[in-house]
Amino acid sequence: MTHLHPIDNDDSAKYRLIGNSVLSYRFIVPHDARIYVGDLLKITDRTKGLTFYAKVSDICHACNFADPRWDTRPYTGRFYEMGEDVFLGVEAVPLGYLDEGGRFRKPNTVPSKFSEVVADPDAVDFAFLREEMGEIEVGLLKNGRGVVEGVPVALHARVMAQHMGVFATTGMGKSNFMKVFSASCMKAREFGMLIVDPHGEYATGGRSSTGDPTRGLLHYTAGGDGLAVFTIDQKKLKKYHLNRLWLEYDDIRASDLNILFDHSDPQHDVLELLGDLKGSDLIAFFEETDFVDFDVENYTGGFKWIAQKLRTSHPGPLNVLKRHFEILTRNNDSFFRKEGSAIPEIIKALDENKVVLIDIPAMSERSELFVLSVITRKIMARHREWGVDKEEEPPQVLIAIEEAQRVLGTGGRRTQVFREAAMEGRKFGVGLCVITQQPKNIDPRVLAQLNTFVVMGLGDRGDRDIIASSAKQDLSQMDTEIQTLDTGEAVISTLKIPFPVSTKIHAFDPYIQKLNQDTRRPIDDGLKRGFF
Ligand SMILES: Nc1ncnc2c1ncn2[C@@H]1O[C@H](COP(=O)(O)OP(=O)(O)OP(=O)(O)O)[C@@H](O)[C@H]1O
């Protein structure tokens, strides 16, 4: 007979495994046991000398009574007692096992019948997992409603060029995650990271979605050497001694106009013809040319080679593009000018494995994407050339794209550069960090390229299904857990960590406070550098 009571009388609750198969375990616990979805389990198989690990994936009521309607009959409480015959059936998803040599293996066998199940394993039990972690710490291993203290969850820097996705419904802690991740990148200095912050909050802090004041990356003074902020905000520029963000005319190409404006097919064809021509020449050509009776034979301006390319184009689309170039230069003068670009400095900072934050508060959505696409194109071009010119590997860069469904949805020629980065970037050391609330609106071909998934509370079934089918590790059995994740909690599936890890993401403010303290810098160091 199976005992429902814990099998030992010490403090930790121990039960016995009764079934199921290689991919799903089952055991039973008393009807009043406090057990939660996401609880970690250690299963000791003394017969075979193996230690299995699993996670509670579902809990249901069960009993030993033959009458299937015992609990709905009138006066049932008089005939049946809530004793040992009434219990909870617990389903658990296997994570893997430690073999006789202490090596962690995928769950390809099942523990012996009645193996001991410990429902509250500690850091010692998970010592093997510490060895599997990488350099970019983001939180602690979550165990049901708590954490396993002493077991940090840290992503591997080397896999970041293989793209990452951060999926969270609004308010679930996505901004906090990005700041913690960035701070850890500043500390590790293993690759360059580019983030565009249209809300101007990542650098100096601001207000969270719930209205609470928050700190920013500049407050992580001990890691200050790993951060370069480029801003258009004059006040911040002086107060925090930041870099000024400038793009110059030559940084752009005709296709960049696609991000700022919707174009008809004929207008798009003209932009294609203009291909790789220098931005400064294009802007000057469209500024000086009157297209009403444009004829390449009579063209007398200074850009004959551009006029030649447009010899078959009609005045209509050319006039529209003339207006668009005018709007481009007129409406974006806060960061776009004839000469003098910050991109070489940005690239240098990325080469030095810094986090580069582009701080553009109050900028329009299209301008934000324009800035990101221009910089991304420059990075891609540089990394593509790298293979030709140099023997050593190019430096690794991770480019974060917030609300990525805007540029990585299905179709859409506007955002070719991001698509190229998603499809071929990894070959050149360029990874994308795709952040979105709506994974189902991201092109499935892009999702298939992601190798790290950070899933934070997704309410929508369609969104969860698409994530489960795209992740490289099986997340389908964790659906209940993902549905019940709280703010600041995530299921992380990534390369080099052997199973999807449930993580309590560090809260940013205490995390950087701890990092600052750990490095024991003089207390007024940040003040001297003008950070606060
Ligand atoms: N890991 C965490 N630990 C503690 N608190 C957290 C954590 N993550 C988020 N929070 C808190 O939850 C609230 C929402 O977090 P956050 O602003 O990061 O959400 P968000 O998903 O970025 O929201 P939005 O999409 O609206 O920007 C904040 O008050 C934040 O401090």
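**View 1. Strands β19 and β20 lie side by side in this predicted model.** Strand β19 (residues 397–401) pairs with β20 in the parallel sense, and 5 bridges join the two. To find your way along the pair, start at V397: its bridge partner in β20 is V430. On another strand, β10 (residues 164–168), pairing with β20 is also in the parallel sense, over 4 bridges. Here a handy landmark is M164, which stands opposite C433 in β20.

**View 2. Strand β20 is shown with its surroundings.** How many of the 7 residues of β20 (residues 430–436) are buried? The count is 7 of the 7, so this strand is largely enclosed by the rest of the structure. Follow the side chains along β20 and you will see V430, L432, V434 and T436 pointing one way. G431, C433 and I435 point the other way, and the residues of both sets are buried.

**View 3. I399 sits among its contacts in the largest nonpolar core.** This core has 128 residues, and the members that touch the most others are V356, I399 and I401. Helix α11 (residues 365–389) gives the core its largest share, 8 residues. At least three residues come from each of domain 1 (14–121) and domain 2 (153–245 + 342–520). Which residues does I399 touch, once its neighbours within four places in sequence are set aside? They are L194, T376, I379, A421, V430, L432 and C433. As a general rule, nonpolar side chains in soluble globular proteins tend to be buried together.

**View 4. A second core stands separate from the one centred in the previous view's title.** This core has 14 residues, among them V270, F286, L321 and F325.

**View 5. Helix α6 has a buried side and a face turned away from it.** Look first for Q267, V270, L271 and L274, the buried residues of α6 (residues 265–274). They cover an arc of only 100 degrees around the axis, which puts them on the same side of the helix. The spacing makes sense in general: an α-helix has 3.6 residues a turn, so residues three or four places apart point the same way. Which exposed residues does the face turned away from the buried side of α6 carry? Look there for D265 and E272.

**View 6. The buried residues of α6 meet several other helices.** Their packing partners are α5 (257–260), α7 (279–288), α8 (304–309) and α9 (315–331). Just after α6 comes G275, with a positive phi near 30 degrees.

Methods. Residues are numbered from 1 along each chain as its sequence is written. This is a predicted model: local features need pLDDT of at least 70, side-chain atom pairs count only at pLDDT 80 or more; totals for chains, interfaces and linings use all residues. A nonpolar core is a set of buried Ala, Val, Leu, Ile, Met, Phe, Trp, Tyr and Cys residues joined through C-beta atoms within 7 Å. A residue is buried if 20 or more other C-beta atoms lie within 10 Å of its own, exposed if 12 or fewer, and partly exposed in between; C-beta atoms are placed from the backbone. Domain bounds come from an automatic or database domain assignment. Two residues are in contact if their C-beta atoms, placed from the backbone, lie within 7 Å. The arc is that of the directions from the helix axis to the C-beta atoms. Two strands pair if DSSP finds at least two bridges between them.
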